[in-house]
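Me: Could you walk me through reading a few local features in a model like this one?

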Amino acid sequence: SLPLGLVQAAINFGIEMLDGAQAEVQADMFAYFCEGRSDQFFANCREYIISAEKAVRAERSLAAKGAHAFEAEYEQRQHFTMGLIEFLRLMMEGHNRQMQDLMRDQEENKKSFNLLVDVVNLIATIGKDQQQLRGLPTPLIEFLEILLNFLVEATQGPCPKNQEFLAMISPIIDVIKRLLVSAMYKPGCNETLAIAYARVAGCRLLSGILEGSNSPGVFHALSEKVDHHFFRQMVTEKIHLACSKLEDKRRLGSGTERRAARMEEARVRAFLDRETCAQRCRRGSTLKFSGPSDPAAVKERERAAADMEYDQLLECGYELVNTFMKLAARDDVLMDGIQPRLHKMSKLKTPEVMEERARETEYHRAHSFLNDKIKRVEFEWHGGLHITYFPECDESEALTDYMIEKLKNKVRIESPDLKKRDFLLLGQEVVDEMFHLYNLRQLPGFKQLQYHYTTIRVFAFINVMFLNLLL
């Protein structure tokens, strides 16, 4: 076999070449794979993924004995596999259905290899049980995120056969559920931000499995494994409670803290500009917060980490709402279970009823917190009407009623196609204006100027009239 370093160099080149959904490169690769000569490529990919799974098992076995005989080799193997998985993910990027199906089945080859099976088995090994997830090292959590993102890319678009395989045949839903509800954080072993990124990837996969799907089997498989109790636990404990704890940490205070924030943002941007695609995929989404050791810089890094974690927890909530609303659209019992029932509860003051009311009050508060931050849009896709849910971005505070009314008046409604085209073109102008106004509002005094604009305008007009009369 070829030296691992040489294979890794080839993978790095492939990552740089495919980054950004390069359709032409993907088409050339697919044409080559369809010539019936790619058996060895997929066989080697499977072998590398299986080797990574064996390395995880072996490392855990050694760790249980208090030994780390091949720690450097293990880390090298993990980084190699992260690069390989990212390379395979980029082959599918942009909802490339042909490449998505190819990851599961190579019809032109003498022997077919289902790489989805191998990736799921590796994920299941890393997240074997709640005991293994407790204190899971940050590098393994980042590895888990990369693997889950590969499966997300394999389902989105949608890709019906991959969705059916993951939902109805593989154990991935059970593993994701375990990842979401387990108490993973352990001081000194991992970071809450890395955990949040991995959980978001898991929630995206649940949403991706349902994206555009009309398969009753897929909906049934998910409904069996994730019920309203799971949704309520996630919204109350893992999202609302965790976000509440981060509120104070993510606030910017004094001018010194704001200057430190700008310096930290500049440092992160400089780091990202220097980083290659091949380097980025081997660290997950979590930036390593290191830099100046003065108190202001350290405090800003903690604030930035809390801010990112808060955003990831909300993203997790958005994806869960998206998933459960799709499931509940076909299941009235589930819909009833995920809706707050505080107004329907008994007013008796027995200990049992009061305890139940306290739990329902907490869920009602958590549900309202998340619901206030989510918007929905209906759209036509593949001949059907679909609904998607998305977060309300911070920039939306700059969107005014006048801008919305102006957009409505400009959109022509003579035909559906004309209406869609005008909405997309003019809507983008409104979004650009909204972002511009939001950036202006960050300047000192601009909010007050905008708020008192009418008063200032009237005052200026009256002054001009008086000056005209006097002069």
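Reply: Happily; we will take a helix and then two side chains. This is a predicted model, where local features need pLDDT of at least 70 and side-chain atom pairs count only at pLDDT 80 or more, while totals for chains, interfaces and linings use all residues. Residues are numbered from 1 along each chain as its sequence is written, and side-chain values use heavy atoms, with hydrogens and water left out.

Me: Where is the kink in α13 centred?

Reply: The bend at a residue is the angle between axes fitted to the seven residues ending there and the seven starting there. In α13 there is a kink of about 30°, centred on Met-234. At the N-terminal end of α13, Asp-227 acts as a cap, with a side-chain oxygen 3.3 Å from the backbone nitrogen of His-229.

Me: Is Gln-26 buried or exposed?

Reply: Buried means under 20% relative accessible area, exposed over 50%, and partly exposed in between (1.4 Å probe, protein chains only). Gln-26 counts as buried because its relative accessibility is 3%. A polar atom of the Gln-26 side chain lies 2.9 Å from the backbone oxygen of Glu-93.

Me: Which backbone nitrogen lies 3.0 Å from a polar atom of the Asn-114 side chain?

Reply: That of Leu-116. Asn-114 is buried too, at 15% relative accessible area. In sequence, Asn-114 and Phe-42 are 72 residues apart, yet their C-alpha atoms are 8.7 Å apart in space.

Definitions and conventions: A polar contact is a pair of N or O atoms within 3.5 Å; within protein, one must be able to donate a hydrogen and the other to accept it, and residues adjacent in sequence count only if both atoms are side-chain atoms. Helices (H or I, at least four residues) and strands (E, at least two) are DSSP runs, numbered from the N terminus.
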